[in-house]
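The following exercises are to be worked with the sequence and the coordinates at hand. Each task is followed by a solution in steps.

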Amino acid sequence: MSTDAKQPLLDAQEVTVRFGGLVAVDAVSATFMPGELVGIIGPNGAGKTTFFNAISGVTKPTSGRLTVRGQQLAGKGPHRFARNGLARTFQTPRTFGDMTVRDNIAFGLKFAGRRRRKYILWGEESGVPWVLRTADSILGLIGLSAQADLPAAAITPSQQRLLEIGMALATRPRMLLLDEVAAGLTENEVEEMARLIRRLRDELDLTVVWIEHAVTTLLRHVERVIVLHQGKKIADGPPREVVRNPEVIEAYLGDEMNDENDESRAEVTA
Ligand SMILES: Nc1ncnc2c1ncn2[C@@H]1O[C@H](COP(=O)(O)OP(=O)(O)OP(=O)(O)O)[C@@H](O)[C@H]1O
């Protein structure tokens with residue numbers, strides 16, 4: 001891969017998003033390096049999704065800088081972010097229900113095709129992992145080959161989430177932003193999802209940023225976690241350190257990992 005290992009894929013500096021009088025994201029800075037798997041946690045309304053929206057161009061930050069692979073993109077639209085290698089999922093999957101599962105992936109590939117000239121200019125066409133070259137290989141990767149010919153509306157909610165990840169992968173991203181992809185899944189499905197996410201990061205050399213309410217699972221699988229509280233970043237570090245941070249325990253983990261959950265805390269701190 002030609003990505004400069006020392007250059008952040010995305011560097012957010014002092015990003016603020018206001019909605020009228022409400023400061024949803026309050027001067028948050030965070031740097032994401034190639035190949036990192038980072039979790040974002042925080043109570044409801046902490047600003048997680050709004051931060052995601054800001055770093056993917058969906059919401060224009062009120063102030064702050066967003067540098068993607070060296071380019072200043074704050075204030076640009078989501079397509080500019082996508083062209084620079086960012087792909088994301090949404091809390092409510094945005095798939096095309098009346099199209100087949102395969103055609104949903106093909107749609108993402110078409111979008112990547114529009115970038116193809118740029119890939120060639122960068123000399124990276126040969127660098128696209130083979131598994132991201134066709135709809136069928138992407139379906140194999142995410143475990144949806146058997147559903148390829150079904151309309152997307154006919155597959156289960158957990159398969160919808162996988163499909164949305166597949167559509168994001170089809171755009172051949174360098175950075176994948178996952179917004180609660182494990183919401184509503186059974187315990188086993190959550191574990192499978194976590195394993196898939198790790199595999200994608202490892203095999204495709206992606207940077208993955210993952211918001212999730214299933215905190216215990218998330219903390220077990222990520223190497224770094226950012227905690228947001230009332231729009232501010234209150235911690236950023238390895239899970240075993242973050243779960244011991246008194247401010248984090250008071251603001252969030254005290255409830256999420258209470259006494260009955262000591263086992264899970266022990267698992268993370270081990
Ligand atoms: N478009 C909007 N207009 C006005 N306020 C908004 C808008 N989007 C989010 N907010 C507010 O901004 C704050 C942060 O919301 P956000 O959805 O980013 O939090 P979150 O951490 O993702 O929460 P959750 O875990 O519940 O998804 C909340 O107070 C929310 O009500």
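**Exercise 1: The nonpolar core**

Task: In this predicted model, identify the residues with the most contacts inside the largest nonpolar core.

Solution. Step 1: The largest nonpolar core comprises 74 residues, and those with the most contacts inside it are Ile 138, Met 175, Leu 176, Leu 178, Val 208, Trp 210 and Val 227.
Step 2: By element, helix H6 (residues 157-170) gives the most to this core, namely seven residues.
Step 3: By domain, at least three residues of the core come from each of domain 1 (1-85 + 174-270) and domain 2 (95-172).
Step 4: Take Ile 138 as a case. When residues up to four places away in sequence are not counted, Ile 138 touches Ile 105, Val 131, Leu 132, Gly 166, Leu 169 and Ala 170.

**Exercise 2: Leu 228 and its hairpin**

Task: Determine whether Leu 228 is buried or exposed, and describe the strand pair around it.

Solution. Step 1: Leu 228 is found in strand S9. Strand S9 (residues 224-229) runs antiparallel to strand S10 (residues 232-237), and five bridges join them.
Step 2: Within this pair, Val 225 stands opposite Gly 237 in S10. The hairpin has two residues between the strands, and Gln 230 takes a positive phi near 50 degrees.
Step 3: Leu 228 has 28 other C-beta atoms within 10 Å. The cut-off for a buried residue is 20 or more; therefore Leu 228 is buried.
Step 4: Leaving aside neighbours within four places in sequence, Leu 228 is in contact with Ile 40, Gly 42, Ala 46, Gly 47, Lys 48, Phe 51 and Lys 233.
Step 5: The C-alpha atoms of Leu 228 and Val 248 are 9.0 Å apart, while the two residues are 20 residues apart in sequence.

**Exercise 3: The ligand shell**

Task: State which element gives the most residues to the shell around the ligand.

Solution. Step 1: The residues surrounding the ligand include Phe 19, Leu 22, Asn 44, Lys 48, Thr 49 and Thr 50.
Step 2: Strand S2 (22-32) and helix H1 (48-55) are the elements that give two or more residues to this shell.
Step 3: H1 gives the most, with three residues.
Step 4: By class, the shell divides into four nonpolar, six polar and one charged residue.

**Exercise 4: The open sheet**

Task: Which strands form the edges of the four-stranded sheet?

Solution. Step 1: The order of the open sheet is S2-S1-S4-S5, with antiparallel pairing.
Step 2: S2 and strand S5 (71-72) each pair on one side only and are the edge strands.
Step 3: Inside the sheet, five bridges join strand S1 (residues 10-19) to strand S4 (residues 63-68). The bridge partner of Gln 13 in S4 is Arg 65.

Technical notes: Residues numbered from 1 in each chain as written. Predicted model: local features only at pLDDT ≥ 70, side-chain atom pairs only at ≥ 80, totals over all residues. Near = placed C-beta within 6 Å. Nonpolar A, V, L, I, M, F, W, Y, C, P; charged D, E, K, R; others polar. Pairing = 2+ DSSP bridges. Core = buried A, V, L, I, M, F, W, Y, C linked by C-beta atoms within 7 Å. Buried ≥ 20, exposed ≤ 12 C-beta atoms within 10 Å, placed from the backbone. Domains from an automatic or database assignment. Contact = placed C-beta atoms within 7 Å.
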